[in-house]
Amino acid sequence: MDVDLLLTEIGQLVPVALSPAPGKPHRGPLRELPAIEDAALAIQGERIALLGPRAEVQAAVRAREVLSARGKLVLPGFVDPHTHLPWVGSREDEFEERLGGATYAQIAQRGGGIRATTRRVRGASLDEMCAAARPRLRRMLEHGTTTAEAKSGYGLDGEVERRQLHAIARLSREQPIELLATNMAAHEVPDEWREDRAGWVRKLCDEVLPALRPLAEFADVFCEAHVFGVEETRRILGRARELGYGLKLHADELNDTGGAGLAAELGAVSADHLACTGPDGIAALARSETVAVLLPGTSFYLGKAKHAPARAMLEAGVAVALATDLNPGSCLTESMPMILTLACLQLKMTPAEAIVAGTLNAACAVGRGHDRGSLEPGKLADLVVWDAPSWRYLPTHFGVSLVETVIKRGRVAFSRGGAA
């Protein structure tokens, strides 16, 4: 077999090929990951052609280019299924306010939080949005992310939301990480609509969602008592579904509002946050195809003692994924490896569960489980070489990047010595 690239001398190759059917997530507790020692992986074009023991793969292919992993660990590239990537400005003042005892909701109610960023984003050009986001994307790539969801939601106005979505499209074209766009105009009630919430909901349903459909694959709503209630969320997402959006939902972050159950009822691709989800919500998710996207970095950054009930979800058979929630106010990090560490320490997930949640299940949380998230012949060649002796080591070494090389769609996108 003629191939374009042979990655060889892999110390440990972890395919994460655990789904019961193509495109489906793994469910249930997990302590072990199948691994191939002294492995190789062959790439033809953008896709994986063959993988397995090094001697067998090398005997089966003729490669135009050979790259040595030098005995290092190889995993699928991370998929980050929840980010708020395109914003300008910063909110370090709120960090100090929270240290002084203010809550996220209190800061939001007095005009901070999402609305504070909105005021800055509304004054930013498309070029300025892209310039602010590029360094974040570079850091994401350097920490092993190869695909990411990116939300609008800091415009809270049809035209500014459109500008954010155009920024996401431009950024996806110009750098290696593939970005999947989500319309989150229902992120907050803007200042000018505070006295007419019902009018803002009507505008979302009648104008904003239809106008922006060509620019976004998904629609998301912040379902919380101080933002959009369950019935408002049901109406907005019901309209989004009519328009052909895939559905996502910020659910049960600060209180158990029933958001997880609503996401399952509506057939959402994911329900995200879930820090306060109770037994009924867990049971509803377990019966559904909706992936639970947990964001341990957010509860950590906000100083919360309560974290998403990951162990109960796993035991119930919920499909669990992990994401950064990269945003300026409640989780300012681009590092999926750090999220894995927090998932193990705070959510009591095993390293195996955390790795699957950041790869295969995360891909399913953005509707991409069929072509990425695991290393299998025919899937996209999105993979990372790590300076680590084994997959168990990865969550133990935190606060720095252990990435040696990132391969995206069969091409070297980053190496420790510099970009390819």
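What volume does the largest pocket have? In this predicted model, the largest pocket has a volume of about 160 Å³. Its lining is made up of 15 residues, and those closest to the centre of the pocket are E253, A275, S299, K304 and K306. Helix α11, which spans residues 296–301, supplies the largest share of this lining, with 3 residues. When the lining of the largest pocket is divided by class, 8 residues are nonpolar, 4 are polar and 3 are charged.

Enclosed spaces were examined next. The structure holds 3 cavities of 30 Å³ or more, and the largest cavity has a volume of about 100 Å³. Of the 14 residues that line the largest cavity, H84, Y104, H187, N327 and S330 are the closest to its centre. The lining of the largest cavity comprises 7 polar residues, together with 4 nonpolar and 3 charged residues. The second largest cavity holds about 50 Å³ of space, and its lining consists of H26, R27, G28, L314, V318, V320, E353, V356, A357 and N361. Helix α14 (residues 351–358) gives the most to the lining of the second largest cavity, contributing 3 residues. By class, the second largest cavity is lined by 5 nonpolar, 3 polar and 2 charged residues.

Charged pairs form a further part of the description. Side chains of opposite charge can pair when their charged atoms come close. A search of the whole structure finds 37 salt bridges, and three of these pairs are described here in turn. In the pair formed by D38 and R54, the closest N and O atoms are 2.7 Å apart. Because D38 lies in strand β2 (residues 36–44) and R54 in helix α1 (residues 54–60), this salt bridge ties together parts that are 16 residues apart in sequence. D38 has a relative accessible area of 38% and is partly exposed, and R54, with a relative accessible area of 25%, is also partly exposed.

A second salt bridge is formed by E174 with R134, where the closest N and O atoms are 2.3 Å apart. This pair links distant parts of the chain, since E174 belongs to helix α6 and R134 to helix α5 (residues 126–142), with their positions 40 residues apart in sequence. E174 counts as partly exposed at 40% relative accessibility, and R134 counts as partly exposed at 35%.

The salt bridge between the side chains of E207 and K203, at 2.9 Å from N to O, is set within one element. Both E207 and K203 lie in helix α7 (residues 197–212), where they are 4 residues apart, or about one turn of the helix. E207 is partly exposed, with a relative accessible area of 45%, while K203 counts as partly exposed at 23% relative accessibility.

Beyond these individual pairs, a network of salt bridges links E46, E178, D371, R372, D382, K408 and R409. One member of this network, D371, is found in the loop between α15 (360–364) and β14 (383–386). D371 counts as buried because its relative accessibility is 10%, which falls under the 20% limit used for that class. The side chains of D371 and R372 are joined by a polar contact of 2.9 Å. When residues up to four places away in sequence are not counted, D371 touches R47, K379 and L380.

Another buried position is provided by I168, which is found in helix α6 (residues 158–174), the helix that also holds E174. I168 is classed as buried because its relative accessible area is 2%, and buried means under 20%. With neighbours within four places in sequence left aside, I168 is in contact with P86, A150, K151, S152, L179 and A181. The position of I168 can also be related to R409, a member of the salt-bridge network: I168 and R409 are 241 residues apart in sequence and lie 19 Å apart in space, taken from C-alpha to C-alpha.

Methods:
Residues are numbered from 1 along each chain as its sequence is written. This is a predicted model: local features need pLDDT of at least 70, side-chain atom pairs count only at pLDDT 80 or more; totals for chains, interfaces and linings use all residues. Side-chain values use heavy atoms; hydrogens and water are left out. On a 1 Å grid over the protein atoms alone, a cavity is a set of points where a 1.4 Å probe fits but cannot get out, and a pocket is an open set with protein on both sides within 12 Å along at least five of seven lines; lining residues have an atom within 4 Å of a point. Grid points are joined across faces, edges and corners, and a volume is the space filled by probe spheres set on the points. Ala, Val, Leu, Ile, Met, Phe, Trp, Tyr, Cys and Pro count as nonpolar, Asp, Glu, Lys and Arg as charged, and the others, Gly among them, as polar. Helices (H or I, at least four residues) and strands (E, at least two) are DSSP runs, numbered from the N terminus. Buried means under 20% relative accessible area, exposed over 50%, partly exposed in between (1.4 Å probe, protein chains only). Contact means heavy atoms within 4.5 Å. A polar contact is a pair of N or O atoms within 3.5 Å; within protein, one must be able to donate a hydrogen and the other to accept it, and residues adjacent in sequence count only if both atoms are side-chain atoms. A salt bridge is a side-chain nitrogen of Lys or Arg within 4 Å of a carboxyl oxygen of Asp or Glu.
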